[in-house]
Amino acid sequence: MAAAQPQGGFTVTVKHERTTHAVEVDGGATVALLQTRLFLRSNVLPTRQKLMGFKGVPSPAPGATMSELNASGGIKLMMLPGPDRPPIDENADASSPLFVP
């Protein structure tokens, strides 16, 4: 079993296109929480985010915690791809509340 790391808060710096986002998290925060906070800043849906920069983990699972990924203050990540429209449902009709033209 891995030794517990401190749960103190720190800043994760995420570069996305020409913008840099600073997101406060703690060691117990999950990748899903980080992605949600990034969504609020970047408008990139969590399902469309690919976070790169966690050492030894090319694509971390949403349930992985920052401490499990050995993330600490000063970590810099890159997010791909850019903002995207929701997928268009070819079978939806115009009266559907989720219809996107």
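Strand 1 and strand 2 (residues 19-26) sit side by side in the antiparallel sense, joined over 8 bridges. This is a predicted model, so everything below describes computed geometry. The two strands make a hairpin with 2 residues between them, and E17 in that turn has a positive phi of about 55°. One register point to look for in the viewer: V14 has H21 as its bridge partner in strand 2.

Strand 1 has company on its other side too. It runs parallel to strand 4 (residues 76-80), with 3 bridges joining the pair. V14 turns up again here, standing opposite L77 in strand 4.

How do the side chains of strand 1 divide between its covered face and its uncovered one? Strand 1 spans residues 9-16. F10, V12, V14 and H16 are on the covered face, while G9, T11, T13 and K15 are on the uncovered one. That is the pattern to expect because side chains in a regular strand alternate between the two faces of the sheet.

**The sheet**

Put together, the strands form an open sheet of 4 with the order 2-1-4-3 and mixed pairing. Strand 2 and strand 3 (50-52) are the edge strands, each pairing on one side only. On average, neighbouring strands of this sheet are turned by 35° against each other, direction ignored. Strand 3 meets strand 4 in the antiparallel sense over 3 bridges, and within that pairing L51 stands opposite M79 in strand 4. Helix 1 packs on the sheet and touches strand 1, strand 2, strand 3 and strand 4. The direction of helix 1 makes about 140° with that of strand 2.

**The core, seen from L34**

Where does L34 belong? L34 is in helix 1 (residues 31-42). L34 counts as buried because its relative accessible area is 0%, under the 20% cut-off. Leaving out neighbours within four places in sequence, L34 is in contact with V12, V23, V25, L51, F54, M66 and L77. One of these contacts, V23, is 11 residues from L34 in sequence, with the C-alpha atoms 7.5 Å apart in space.

L34 also belongs to the largest nonpolar core, which has 19 residues. The residues with the most contacts inside that core are V12, V25, L34, L51, F54 and M66. Strand 1, strand 2, helix 1 and strand 4 are the elements that give two or more residues to this core.

V12, from the covered face of strand 1, gives another view of the same region. Not counting residues up to four places away in sequence, V12 touches H21, A22, V23, V25, L34, I75 and L77. V23, V25 and L77 therefore show up both among the contacts of V12 and among those of L34, given the 4.5 Å contact cut-off.

**Helix 1 and the loop after it**

Q35 is found in helix 1 as well. What makes Q35 buried or exposed? Q35 is buried because its relative accessible area is 10%, which falls under 20%. Beyond its neighbours within four places in sequence, Q35 is in contact with P46, Q49 and L51.

P46 brings us to the loop between helix 1 and strand 3. Leaving aside neighbours within four places in sequence, P46 is in contact with Q35, T36 and F39. P46 and L33 are 13 residues apart in sequence, and their C-alpha atoms are 9.4 Å apart in space. P46 counts as partly exposed because its relative accessibility is 28%, in between the 20% and 50% limits.

**Two asparagines with positive phi**

N43 shares that loop between helix 1 and strand 3. Phi of N43 is near 65°, a positive value in a residue other than glycine. N70 is placed in the loop between strand 3 and strand 4, and it too has a positive phi, about 55°, although it is not a glycine. N43 is exposed because its relative accessible area is 53%, and N70 is exposed because its own value is 57%; both are over the 50% cut-off.

Here are the accessibility values side by side.

| Residue | Relative accessible area | Class |
|---|---|---|
| L34 | 0% | buried |
| Q35 | 10% | buried |
| P46 | 28% | partly exposed |
| N43 | 53% | exposed |
| N70 | 57% | exposed |

Conventions:
Residues are numbered from 1 along each chain as its sequence is written. This is a predicted model: local features need pLDDT of at least 70, side-chain atom pairs count only at pLDDT 80 or more; totals for chains, interfaces and linings use all residues. Side-chain values use heavy atoms; hydrogens and water are left out. Buried means under 20% relative accessible area, exposed over 50%, partly exposed in between (1.4 Å probe, protein chains only). Two strands pair if DSSP finds at least two bridges between them. A nonpolar core is a set of buried Ala, Val, Leu, Ile, Met, Phe, Trp, Tyr and Cys residues joined through side-chain atoms within 4.5 Å. Axes are lines fitted to C-alpha atoms, for helices over the stretch in contact, and angles run from 0 to 180 degrees between N-to-C directions.
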